[in-house]
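User: Pick a single part of this one and give me a close look at it, please. I'd like to hear how it ties in with its surroundings.

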Amino acid sequence: MTGPARGTTTRMTDPTTPFARVKIRTGALVFCGADVALIRRDRPAGSHDTPPGGNPDGTSEPGVIEWVHYRDAEDLPLFPLIGSAISALPAPGAPPGDRLLLPVTDANYTWV
């Protein structure tokens, strides 16, 4: 299966239309002892947290850096859904176990 011609756009809401590329936002976990740095962004519909990283389109959105104990990450509205993976680490510097995360759906994430 091939995607649309270069330079054209397709709506991601149409599941029958293939697409040629997906923008990926990269992020990193930054630890200081047992605390992890997260960016909290407050929006009218609610707050959400993300790890530090760049937006794929080069834009920025203001936020507040918060240092949170890594075991408390599971209870935060984190995007992507990495809270349980962070909390499951045996120690802050430990390598992650299963690197596969749950898919983000309307059932497990509140979109803000």
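Analyst:
**Tyrosine 109 and its surroundings**

Let's start with tyrosine 109, which is found in the segment after helix 1 (83-87); helices here are DSSP runs of H or I with at least four residues, strands are runs of E with at least two, and both are numbered from the N terminus. A word on ground rules: this is a predicted model, where local features need pLDDT of at least 70, side-chain atom pairs count only at pLDDT 80 or more, and totals for chains, interfaces and linings use all residues. Residues are numbered from 1 along each chain as its sequence is written, and side-chain values use heavy atoms, with hydrogens and water left out.

Is tyrosine 109 buried or exposed? Tyrosine 109 counts as buried because its relative accessibility is 9% (buried means under 20% relative accessible area, exposed over 50%, partly exposed in between, with a 1.4 Å probe and protein chains only). Setting aside neighbours within four places in sequence, tyrosine 109 is in contact with His48, Leu78, Phe79, Leu81 and Val104, contact being heavy atoms within 4.5 Å. Take Phe79 from that list: 30 residues separate phenylalanine 79 and tyrosine 109 along the chain, and their C-alpha atoms are separated by 8.4 Å.

Phenylalanine 79 is worth a pause. A cis peptide bond, with omega of about 0 degrees, joins phenylalanine 79 to proline 80. Most peptide bonds are trans. Proline 80 has its place in the loop between strand 4 (64-69) and helix 1.

Phe79 and Leu78 also lead us to aspartate 49, in strand 3. With neighbours within four places in sequence left aside, aspartate 49 is in contact with Leu38, Ile39, Arg40, Glu66, Leu76, Pro77, Leu78 and Phe79. Aspartate 49 is buried yet has no salt bridge, and the nearest side chain of opposite charge is arginine 40, 5.7 Å away. For the record, a salt bridge takes a side-chain nitrogen of Lys or Arg within 4 Å of a carboxyl oxygen of Asp or Glu; Lys and Arg count as positive, Asp and Glu as negative, while His and the chain ends are not counted.

Those two residues meet in the sheet pairing as well: arginine 40 stands opposite aspartate 49 in strand 3, and isoleucine 39 stands opposite threonine 50 in strand 3. Strand 2 (residues 35-43) pairs with strand 3 (residues 46-50) in the antiparallel sense over 5 bridges, where pairing needs at least two DSSP bridges between the strands. A hairpin with 2 residues in between links strand 2 and strand 3. Strand 2 also runs antiparallel to strand 4, joined by 6 bridges; there, alanine 37 has tryptophan 67 as its bridge partner.

Back to Leu78, a contact of tyrosine 109. Leu78 belongs to the largest nonpolar core, which has 9 residues in all, including Leu38, Val68, Tyr70 and Leu89 (such a core is a set of buried Ala, Val, Leu, Ile, Met, Phe, Trp, Tyr and Cys residues joined through side-chain atoms within 4.5 Å). In soluble globular proteins, nonpolar side chains tend to be buried together.

Zooming out, the protein chain has 1 helix and 4 strands, and reads β-β-β-β-α along the sequence. Buried residues make up 19% of its 112 residues.
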